[in-house]
2 protein chains.
Amino acid sequence: MAKAHPALLEDESDIERLLGYNLKRAYMIVRDDFRNQVEQSVLSPRAFSVLTLIVESSGMTQSEVARQLGIERSGLVAIIDDLEARGLAERRAVPGDRRAQALIATEAGYELHAQILARVQAHERALLAPLDRAEQVQLLTLLRKFRSAHEKDEAS
Amino acid sequence: MAKAHPALLEDESDIERLLGYNLKRAYMIVRDDFRNQVEQSVLSPRAFSVLTLIVESSGMTQSEVARQLGIERSGLVAIIDDLEARGLAERRAVPGDRRAQALIATEAGYELHAQILARVQAHERALLAPLDRAEQVQLLTLLRKFRSAHEKDEAS
DNA sequence: ACAATACTGTTTACTAAGGTAACAATATAT
DNA sequence: ATATATTGTTACCTTAGTAAACAGTATTGT
């Protein structure tokens, strides 16, 4: 009996053909590497992504950061608290809006971010080494295309 | 000053160029879709992956399933307990080894698995629709290549 | 001007997922 | 026989993330 929708990769088991399963397993590889090499009681992946955004776009409000990262505002509070307690970032009043808090990185925040980013980039290069240059670009490009097709509503 | 290692995608911010960040965001899209459309108090992503493996390879021991899925044996216990309580799978004694438990799916387990798998595949097709056929195959292929380069030690 | 509506940061409580360490029972190796 | 390894299990902990409510503030509609 003919398949109505032929699978993308014929030679694998059902679960190995699922996009979700492959994305999760691939992410776990990268995340474990991040934790082993970078996080040593420094910054969690989540806190690093928040600090990166603050460093790259100084002055964003908490809501803007949450939207951009696709996380809940409520989840951001503890992260900012932690970054602030460590002297890496600060909350600043927003002139026009007394509800909002603008986020800026401190000097120490910029420095730590630069350090960690360099290490993360080096480790991702190592992880991607089994793919040739063209494949690396393809993978990143396809992931970004997939994301932008589904994130229209939230992020920038 | 020239960059020692040119970035893969020149036109994006630092965080958007990171593999880990893109994998996580992409996975969250698929996972949220799974939860919205499939999980309705039926099976979590994790329980589904376990049931799928049991259905595809009947008789595996718990340790084998854990290794194959890249999760801890300890985490598997509750999932099997749940599948067993719902009459979807069973633990069976292994003839040669009195420590091990062989896992088999019940009739109900096979049926539910087939139902959910069909729904998951349909939803993944919809999610992948923004990519053309060649890109879909590329994405899956690259993810699997990336995984197999880093999972040598654990899974089959 | 006033009422309805929406947004911001926050707290609290919850679930899923996973990690670590220990344990008794059982297998395997020396 | 003794040491070592493996299996399933339990207990405890961390990270992520969700959901609902809240007071304070802004915006919109009339």
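Me: How do the residues of the surface near DNA strand D divide into nonpolar, polar and charged?
Reply: There are 12 charged, 8 polar and 4 nonpolar residues on that surface. Asp, Glu, Lys and Arg count as charged, Ala, Val, Leu, Ile, Met, Phe, Trp, Tyr, Cys and Pro as nonpolar, and the others, Gly among them, as polar.

Me: Before we go on, what am I looking at?
Reply: It's a predicted model, where local features need pLDDT of at least 70 and side-chain atom pairs 80 or more, while totals for chains, interfaces and linings use all residues. Residues are numbered from 1 along each chain as its sequence is written, chains are lettered from A and ligands numbered from 1 in the order written, and side-chain values use heavy atoms, leaving out hydrogens and water.

Me: Which residues come nearest to DNA strand D?
Reply: Arg46(A), Arg98(A), Ser63(B), Arg91(B) and Arg99(B), out of the 24 around the strand. They count as near because each has a heavy atom within 4 Å of DNA strand D. On the DNA side, sugar and phosphate make up 71% of the atoms of strand D that come within 4 Å of the protein.

Me: Why does Arg91(B) have a polar contact with DNA strand D?
Reply: A polar side-chain atom of Arg91(B) sits 2.4 Å from a phosphate oxygen of the strand. A polar contact is a pair of N or O atoms within 3.5 Å, so this pair qualifies. Ser44(A) also reaches a phosphate oxygen of DNA strand D with a polar side-chain atom, at 3.5 Å. For Arg99(B), the partner is a base oxygen of strand D, 2.6 Å from a side-chain N or O atom.

Me: What makes the lining of the largest pocket?
Reply: It has 25 residues, with Gly20(A), Lys24(A), Tyr27(B), Pro45(B) and Arg46(B) nearest the centre. Helix 1 of chain A gives the most, 7 residues. By class, the lining has 15 nonpolar, 3 polar and 7 charged residues. The space in this pocket is about 510 Å³.

Me: And why is the other space called a cavity rather than a pocket?
Reply: On a 1 Å grid over the protein atoms alone, a 1.4 Å probe fits in a cavity but cannot get out, whereas a pocket is open, with protein on both sides within 12 Å along at least five of seven lines; lining residues have an atom within 4 Å of a point. The count is 1 cavity of 30 Å³ or more, and the largest cavity holds about 50 Å³. Its lining includes Val30(A), Phe34(A), His123(A) and Leu127(A). Helix 1 and helix 5 (107-128) of chain A each supply at least two of the lining residues.

Methods:
Grid points are joined across faces, edges and corners, and a volume is the space filled by probe spheres set on the points. Helices (H or I, at least four residues) and strands (E, at least two) are DSSP runs, numbered from the N terminus. A polar contact is a pair of N or O atoms within 3.5 Å; within protein, one must be able to donate a hydrogen and the other to accept it, and residues adjacent in sequence count only if both atoms are side-chain atoms.
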